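Thanks for making time this morning. I would like to walk you through a structure that is new to most of us, so please have the sequence and the model open as I speak.

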Protein chains: 2
Amino acid sequence: MEAIARIRSFNRTVTHQIGALEERFLGRDRSLGASRLLFEIGANGVEVRQLRARLNLDSGYTSRLLRALEAEGLIRTGRSSGDGRVRCVTLTRAGRKELAVLNRRSDQAAASLLSRLPEAQRPAFVSAMGVVERLLLASAVRLRVENPRGRGAQYCLQCYFAELAARFETGFDPARSIPTAPTHFTPPQGFFVVAMLNGESVGCGALRCRPDYGEIKRMWVAPASRGLGIGKRILQRLETLARKRRVSLLRLETNKALTEAQALYRSSGYHEVRPFNDEPYAHHWFEKAL
Amino acid sequence: MEAIARIRSFNRTVTHQIGALEERFLGRDRSLGASRLLFEIGANGVEVRQLRARLNLDSGYTSRLLRALEAEGLIRTGRSSGDGRVRCVTLTRAGRKELAVLNRRSDQAAASLLSRLPEAQRPAFVSAMGVVERLLLASAVRLRVENPRGRGAQYCLQCYFAELAARFETGFDPARSIPTAPTHFTPPQGFFVVAMLNGESVGCGALRCRPDYGEIKRMWVAPASRGLGIGKRILQRLETLARKRRVSLLRLETNKALTEAQALYRSSGYHEVRPFNDEPYAHHWFEKAL
DNA sequence: ATTAATCTCTGACTAATGTCAGATACATGG
DNA sequence: CCATGTATCTGACATTAGTCAGAGATTAAT
């Protein structure tokens, strides 16, 4: 079958079968929309803003669904610590109990699907699902050049630095690193690329155009979104931007703990060179001629 | 990731991504429900009954959707030729035009999904989709022992004989074949198994318990549902029924044109034997000890 | 300090989806 | 012919989903 026809057929079959399955197991006493909201809130709570972004809901509608859950005593809403406009939703004890019920039912649904297949076919089924999901997500990722002071960028940078602090043997203190200002990543001196998936920022990367070379910095991908090729796409986008600015040499440095990053750089045509700066957190220096 | 978690994650991702895609391309001027109905009616028309079964809709709701499409001048309803209670829906010229538009949009949606992936990953994506769809469908198939005079059984038999007539070199005339009555396939003398998928009959098979052996007959699977392992499952079910009735030998005969059937029998442990009857349409005779 | 933008909430809607109890017409088996 | 069952349709509802405009609180930008 031709690719387009296969995809269309897949779409129809999957939405039909999975939809029926979900309804049978989840659509008991609460509307599916409310159930989804409970799932998305999860055990740790989220900002209402995030809920809306992830599920792509209207703000009024979201609010109404939340009020309903609140009336049921399943959630509690409070101010976000950082920004007084933003509201945070967390589950109450009853809410956590209800989520556990939903999770159990959802597990049952998945198990019942699996149980209807002969054992021999299950591994193929599950791994094909993995492939489809991964590539479907990858196809939904969008890259955008953004202001490094913007919310998406700031969120990524915060996660990035937190990860460095956690993964570097020595911890990480931005003050000890070579100083960088947001303006270095603002056109035309540089660029800050953010990867978006379903309304959320899931990765970033930056290019700083110095007089004699371009510098790649701030490469980061959210742990939950790794393996989708987002890092590679960000890097390629930065390289394209560099070429447009007539940069002929790209350089970057990295810490020995960031092994995936090193693999990415090598597979993207970067090769290791002698240290070209005295970044105290760096163990490896790479460059690539454009 | 564990299988259950993978399936749950797949379900959420896929419904979300595919749902968004469909809405963006199809949900323009008509409700998604009505669009799906148009798709399902298709160029050749269907019985209202079938529509309801396939989409699992309430009869009142279906009727209302059909009235709306009729008011738009997209469909025409008429009596079924066979059964006066049943209504047949066909597209008008305008309806066919509208379906073409929907098909084009649906193609675009699929193409846009594909286009967002690097070329190298597309074959893997499409083939994984094929695997998931196939196994999802396979898992939704249900076998049931039914009355051979029932609607599902009669439908399958009709298709079965039509296929024999088309595929046999000599054509097929039931009167020339060894006569068989429905009672031969009615418990306890025999069994008639029907495979159901989404409310439709997509395959059948029968067992006739003779004094000294059991006979497998009427093995058929709808062309659109082949490759899902339905034939094998029907055969296994018939064997289980035979064992329960203490049948120790199973026999069957088949025409040389039905090569898939022969492959199925061989792979299920049947081996070819000398003719044990004088069925004029048979070229190969098989048996299996239970 | 003022203005503009952001986030959430409420009220007022509309459309879509789904359910249920008859009513009607036809079919089937005795 | 009659009893029973099936397929469809209609009217009357109920729920879910979604939209839109504006208000109030807060933050960011100038």
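Let me begin at one polar contact, where a polar side-chain atom of R85(B) sits 3.3 Å from a sugar or linking oxygen of DNA strand C. Before going further I should say that this is a predicted model, so please hear every distance as a computed value. The corresponding arginine of the other chain also reaches this strand, since a polar side-chain atom of R85(A) lies 3.2 Å from a sugar or linking oxygen of DNA strand C. A phosphate oxygen of DNA strand C, in turn, is 3.1 Å from a polar side-chain atom of R151(A).

Stepping back to the whole surface around this strand, there are 21 residues around DNA strand C, and those that come nearest are R52(A), R67(A), R85(A), R87(A) and G84(B). By class, twelve of the residues on that surface are charged, six are polar and three are nonpolar. On the DNA side, 67% of the strand C atoms within 4 Å of the protein belong to sugar or phosphate, while the rest belong to bases. Which element gives the largest share of the surface near DNA strand C? That is α4(A), with five residues, although α3 of chain A and α4 of chain B also supply at least two residues each.

Now for the other strand. Around DNA strand D there are 21 residues, of which R85(A), R52(B), R64(B), R67(B) and R85(B) come nearest. Of the atoms of DNA strand D that come within 4 Å of the protein, sugar and phosphate account for 64%. Three phosphate contacts are worth finding on your screens: an N or O atom in the side chain of R67(B) is 2.6 Å from a phosphate oxygen of DNA strand D, a polar backbone atom of G84(A) is 3.1 Å from a phosphate oxygen of this strand, and a polar side-chain atom of S31(A) lies 3.2 Å from a phosphate oxygen as well. Here the largest share of the surface, five residues, comes from α4(B), and by class the surface near DNA strand D has twelve charged, six polar and three nonpolar residues.

How are the two protein chains related? A turn of 180° with a shift of 0.0 Å along the axis lays chain B on chain A with an RMSD of 0.1 Å, and the two copies are therefore related as by a two-fold rotation axis. In chain B, the C-alpha nearest that axis belongs to A128(B), at 2.4 Å from it. Both copies use the same surface, in that 100% of the contact residues of chain B recur in chain A.

Let me finish with the empty spaces. The second largest pocket has a volume of about 870 Å³, and among its 39 lining residues M219(B), W220(B), L258(B), A261(B) and Y265(B) are the closest to its centre. Its lining has 21 nonpolar, nine polar and nine charged residues, with β7(B) giving the most, six residues.

There is also one cavity of 30 Å³ or more, and its lining is made up of R8(A) and N11(A) together with L21(B), E22(B), S106(B), A109(B) and A110(B). The largest share of that lining, three residues, comes from α5(B), while α1 of chain A and α1 of chain B each give two or more residues.

Technical notes
Residues numbered from 1 in each chain as written. Chains lettered and ligands numbered in written order. Predicted model: local features only at pLDDT ≥ 70, side-chain atom pairs only at ≥ 80, totals over all residues. Heavy atoms only, no water. Near = heavy atom within 4 Å. Polar contact = N/O pair within 3.5 Å; in protein donor to acceptor, adjacent residues only side chain to side chain. Helix = DSSP H or I, 4+ residues; strand = E, 2+ residues; numbered from the N terminus. Nonpolar A, V, L, I, M, F, W, Y, C, P; charged D, E, K, R; others polar. Least-squares fit on C-alpha atoms with pLDDT ≥ 70 in both. Contact = heavy atoms within 4.5 Å. 1 Å grid on protein atoms, 1.4 Å probe; cavity = no way out; pocket = protein on both sides within 12 Å on 5 of 7 lines; lining within 4 Å. Points joined across faces, edges and corners; volume = space filled by probe spheres on them.
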